[in-house]
Amino acid sequence: MPENGFSAEKFFGDGGGLTYSDFILLPGHIGFPTNEVDLETNLTRNLRIKRPLVSSPMDTVTESKMAIYLALLGGIGIIHYNNTIEEQAREVRLVKRFENGFITDPVTLSPENTISDVDKIKKTYGFSGIPITEDGTLKTKLTGIVTRRDIDFEIDRTKKLREVMVTSLVTANAGIPLAEGNKILKESKKGKLPLVDKNGRLVSLMSRTDLLKNEDFPFASKNKEKQLLVGATVSTRDEDRERLKELVDAGVDIVVIDASQGDSIYQHKMIEYLKKNYPNIEVIGGNVVTAKQCKSLIDKGVDALRIGMGSGSICITQDAMAVGRAQGSAVYHCAKFAREYAGIPVIADGGIANIGYIVKALSLGASTVMLGAMLAGTNEAPGDYYYEGGVRLKKYRGMASLEAMDKGGDKRYYAEDNKVKIVQGVSGTVVDKGSVVHFGEYIIKSLLHAMQNLGYKTIKELHNGIYDGSLAFEARSPSAQGEGSVHDLHSYTSPDAALFYPHDRKRG
């Protein structure tokens, strides 16, 4: 037992459901700088990533854009299945093709579009280098390109693009190797390299900024072919076997079997099918919250477990079903069992309201954390921003909300008759957090400092501290929780307050 506080075994061993707010971690000795902290961790039994961050497979959180940039940061995105098979497979392909350096579905405009159309694209997607084709699609001949330098000083934003576009183009033949395209970009000193077929029709695009990706994102999650890693969800239903085939053909690395209550005969059958037909695909099972459930899925062959039931900010399962578990207790007991029984990692899914909770989830034995609400307000999450009461917001909804279930989210629940939908989630809003790149870097930097404060250089060392008793836990009374947050101020201003106090509406 530590000199002060309690070991994890003692703290969580006396029964009762505890969650992240109920405890604090006692500091260790700082004997190293933050640049010596290594956050690399196991996502599954056989797959490691550099950062312990996973985006939730929710239709307001993860599609290809989120998956791309989270993978570049060293984490991984899991593509949701609230779409058609073709749409989900397309999202996976976009991620797999990204690191090849080719933009396979570039945004295009026609010569008859206006500068204001470029402005709209810039506002929506963040870039303004647009190829111009005869009719604004990939089906017709490339006629020019418009970049920021062509339009920055144009006062009349209704001017047609044919009046400002560059028509003297450096192009390359579609199908050239990445290295050759990179060489042309470097030698031409152009920002964009259109790749065209033998008829001069645009096929794809290369960007100079993509050349810098390896320098900007040294911890990117990649496979042996240097493609970004990506996961996707399937349900336990037999019809999703067709979906599974398309995902594998698209190049998916990990399949998450998505179920609210993961210990079922339906999930067992899907695991067996996956392992028999696609033995090279990593399988994450769940959701589960007890050791007995963990054993059930481990025995069937899962490579990792997703832990959590009813703890998400938009989930009402515990209220509606009277089933679930406090997330802190669920993560600790499941991680401990999975480590001792089979040596496989667990993902803490749900209840991560701030950065400190990420640290706490890792300190309970999770190898990674799954983020939903924390990422839903970023630029890369699906959906559009809108203003309400002067605050810039995005929609965020549970996959068991009525809205999501109408789109297909009810696949994660077991019911023979869907005439009456049993709602286990809600729809809400989250505040704009900007780009996931900057937000993610902030999270990662905070984790490095937290590990330093605890006195552990690696997540493996942190986990060893849990089980050898050197990591110290202490309970937090309601007044202690208040003391540990901002208090006794009339108002306050903090650019990062939403990261730590997401429910506080009194900020000045």
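**Exercise 1. Strand E12 and its neighbours**

In this predicted model, Val234 stands opposite Ile257 in E12. Determine in which sense strand E11 and E12 pair, and over how many bridges. Then describe where the side chains of strand E12 point.

*Solution.*

Step 1. Strand E11 covers residues 231-234, and its pairing with E12 is parallel, over 4 bridges.

Step 2. E12 also pairs with strand E13 (residues 282-288), again in the parallel sense, over 3 bridges. Here Ile254 stands opposite Glu282 in E13.

Step 3. The connections are considered next. E11, helix H9 (residues 240-250) and E12 make up a right-handed β-α-β unit. A right-handed β-α-β unit is also made by E12, helix H10 (residues 265-277) and E13.

Step 4. In a regular strand, side chains alternate between the two faces of the sheet. In strand E12 (residues 254-257), Ile254 and Val256 point one way, while Val255 and Ile257 point the other way. All of these residues are buried.

**Exercise 2. An open sheet**

Identify the edge strands of the open sheet with the order E17-E18-E19.

*Solution.*

Step 1. The sheet has 3 strands, and their pairing is antiparallel.

Step 2. An edge strand pairs on one side only; this holds for strand E17 (386-388) and strand E19 (427-431).

Step 3. From one strand to the next, the twist averages 55 degrees.

Step 4. E17 is joined to strand E18 (residues 391-397) by 3 bridges. Tyr386 has Leu393 in E18 as its bridge partner.

**Exercise 3. Two cysteines**

Explain why Cys294 and Cys334 are not joined by a disulfide.

*Solution.*

Step 1. A disulfide is a covalent bond between the sulfur atoms of two cysteines. The cut-off for counting one is a sulfur pair within 2.5 Å.

Step 2. The cysteine sulfur closest to that of Cys294 is in Cys334, at 3.4 Å, which is too far for a bond. Taken from the other side, the closest cysteine sulfur to that of Cys334 is in Cys294.

Step 3. The count of disulfides is therefore 0.

Step 4. Both residues can also be classified by accessibility: Cys294 is buried at 0%, and Cys334 is buried with a relative accessible area of 0%.

**Exercise 4. Aromatic rings**

Classify the pair Tyr273 and Tyr278 and the pair Phe337 and Tyr341.

*Solution.*

Step 1. The whole structure contains 10 aromatic pairs. In one of them, the ring centres of Tyr273 and Tyr278 are 6.4 Å apart and the planes stand at 65 degrees, so this pair is edge-to-face.

Step 2. Tyr273 is partly exposed, at a relative accessible area of 21%, whereas Tyr278 counts as buried at 17%. The cut-off for buried is under 20%, so the two residues fall in these classes.

Step 3. Phe337 and Tyr341 form a stacked pair, 5.0 Å centre to centre with 15 degrees between the planes. These residues lie 4 residues apart in helix H13 (residues 327-341), so about one helical turn separates them. Tyr341 is partly exposed, at 38% relative accessibility.

**Exercise 5. Charges over rings**

Find which ring lies under the charged end of Lys360.

*Solution.*

Step 1. The charged end of Lys360 sits over the ring of Phe23, 5.1 Å from its centre.

Step 2. Phe23 belongs to an aromatic cluster together with Phe11, Phe12, Tyr332 and Phe473.

Step 3. Elsewhere, Arg51 lies over the face of Phe219, at 3.9 Å from the ring centre.

Note on methods: Residues are numbered from 1 along each chain as its sequence is written. This is a predicted model: local features need pLDDT of at least 70, side-chain atom pairs count only at pLDDT 80 or more; totals for chains, interfaces and linings use all residues. Side-chain values use heavy atoms; hydrogens and water are left out. Rings of Phe, Tyr and Trp (its six-membered ring) pair if their centres lie within 6.5 Å; planes under 30 degrees apart count as stacked, over 60 as edge-to-face and the rest as tilted. Buried means under 20% relative accessible area, exposed over 50%, partly exposed in between (1.4 Å probe, protein chains only). Helices (H or I, at least four residues) and strands (E, at least two) are DSSP runs, numbered from the N terminus. A charge sits over a ring if NZ of Lys or CZ of Arg is within 6 Å of the ring centre and within 35 degrees of the ring normal. Two strands pair if DSSP finds at least two bridges between them. Axes are lines fitted to C-alpha atoms, for helices over the stretch in contact, and angles run from 0 to 180 degrees between N-to-C directions. A crossover is right-handed if, with the strands pointing away from the viewer, the path from the first strand over the helix to the second runs clockwise.
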